[in-house]
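Reader: Hi! I'm new to reading protein models, and I'd love a close look at a single part of this one. Could you take me through one strand and then show me what surrounds it?

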Amino acid sequence: MIIENLTCVRYKSRPNRFTVEFIDNNDEIQLAHLHDPGRLKELLIENVPILVEYVEDYYKTNRKTKYNMIGVYYEDYWVLLNSSFHNKLVEELISERKIKSLTDYEIYKPEYTYGNSRLDFLLKDKKDNPLYLEVKGCTLVIDSVAMFPDAPTIRGTKHLNELINIKKENKDSAVIILVLQNSAKTFMPNYNTDKNFANTLKEAYNEKVTILPVHITTSYKNNNLILEYDKILPLKFPDNV
């Protein structure tokens, strides 16, 4: 995936959960929409370079900002910080057959309601067998270990429980965790931040729900952020899970 026509500016502050202040190339303070509810404390540091895109038709809507925040520079790499691209990226990965365990599947329907949850995708193979798929984005990496979540997620645990129930009904289910930092070498649920999610992910693993920590590498060239599939990371669990 290529996200085009971006501008590199400097991060200033985060007035609220979905808004950031930045200093543009004229040293003026501007606002951008942040489409990521995570805490992101290790990433959003004053004066760090960030990438923003200008929204051409912002005035036609009720938007309060002219820009979207797209990425942040962290430890020599760019990190995607806009979850609106997650499902688009997964669509590309599936259609281009990048993920080996999903090569037999096509996207049948996005945002599929099952039980009490709206899952990101319903896939089907050539024999019309369904696979129910949820997508999560991971930006927290410590000592080469990617960890999710970086804030408690009741919604994320609910989705995992739905995938477990689907598997118990003898249907296939899976979760893709998009690991969006180049330095990641393994993936582990973040027990210290959300032990319920970590324990539920282990239960999902035991119930044979497919868990796919998909490593995405990023680079920035000619005002474009380039996202590329790397591999499936090894999955580990903390000793207390």
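**A close look at strand β10**

Author: Happy to! Let's begin with one pair of residues: Leu 122 has Tyr 132 as its bridge partner in β10. Please keep in mind that this is a predicted model.

Leu 122 belongs to the pairing of two strands, β9 (residues 117-125) and β10, which are antiparallel and share four bridges. The two form a hairpin with four residues between the strands, and there Asp 128 has a positive phi near 70°. In general, the strands of a sheet are held to each other by backbone hydrogen bonds, and the pairing can be parallel or antiparallel.

Now look at the other neighbor of β10. Strand β13 (residues 172-179) runs parallel to β10, and eight bridges join the two. You can pick out individual partners here: Leu 133 stands opposite Ala 174 in β13, and Glu 134 has Val 175 of β13 as its bridge partner.

How covered is strand β10 itself? β10 spans residues 130-138, and seven of its nine residues are buried, so you can call the strand mostly covered.

Let's step back to the sheet. The order of its seven strands is β1-β16-β15-β13-β10-β9-β8; the sheet is open and its pairing is mixed. Its edges are β1 (2-3) and β8 (105-114), each of which pairs on one side only. Find β10 in that order and you will see β13 and β9 written on either side of it.

The start of β13 is a good place to meet some charged side chains. As a general point, side chains of opposite charge can pair when their charged atoms come close. Asp 172 makes a salt bridge with Lys 167, with 3.0 Å between the closest N and O atoms. Asp 172 is partly exposed, at a relative accessible area of 32%. Another salt bridge brings together the side chains of Lys 171 and Glu 169, at 4.0 Å from N to O. Both of these residues are partly exposed: Lys 171 has 29% relative accessibility, while Glu 169 has a relative accessible area of 43%.

How many salt bridges does a search of the whole structure find? The search finds eight. One of them joins the side chains of Arg 10 and Asp 27, at 3.1 Å from N to O. Arg 10 sits in strand β2 (residues 7-16) and Asp 27 in the loop between β3 (19-23) and β4 (29-33), so this pair ties together parts that are 17 residues apart in sequence. Arg 10 is partly exposed, with a relative accessible area of 33%, whereas Asp 27 is exposed, at 59%.

Next, visit the edge strand β8 by way of the helix α1. In α1 (residues 86-95), the buried residues include His 86, Leu 89, Val 90, Leu 93 and Ile 94. Those five lie on the same side of α1, because they cover an arc of only 135° around the axis. Just after the helix, Arg 97 takes a positive phi of about 60°, although Arg 97 is not a glycine. Arg 97 is in the loop between α1 and β8, and is partly exposed, with a relative accessible area of 34%.

The other edge strand, β1, leads to a similar backbone detail. Asn 5 is in the loop between β1 and β2. Asn 5 is not a glycine, yet its phi is positive, at about 55°. Asn 5 is exposed, with a relative accessible area of 62%.

One more backbone feature is worth finding: the peptide bond from Phe 148 to Pro 149 is cis, with omega near 0°. Pro 149 lies in the loop between β12 (145-148) and α2 (154-168).

Finally, let's place all this in the whole protein. There are three helices and 16 strands. The radius of gyration is 18 Å, close to the 18 Å that the globule rule gives for 241 residues, so the protein is as compact as a globular protein of that length. The C-alpha trace spans about 60 × 40 × 30 Å along its principal axes. Among the 241 residues, 49% count as buried. Of the contacts with a separation of 6 or more, 62% are between residues 24 or more positions apart. On the outside, the protein exposes about 12500 Å², with carbon and sulfur atoms supplying 43% of that area.

Conventions: Residues numbered from 1 in each chain as written. Predicted model: local features only at pLDDT ≥ 70, side-chain atom pairs only at ≥ 80, totals over all residues. Heavy atoms only, no water. Buried < 20%, exposed > 50% of the residue type's maximum accessible area, 1.4 Å probe, protein only. Arc of directions from axis to C-beta. Pairing = 2+ DSSP bridges. Rg over C-alpha atoms; globule rule 2.2 N^0.38 Å. Contact = heavy atoms within 4.5 Å. Areas by Shrake-Rupley, 256 points an atom, 1.4 Å probe, with all protein chains shown as cover.
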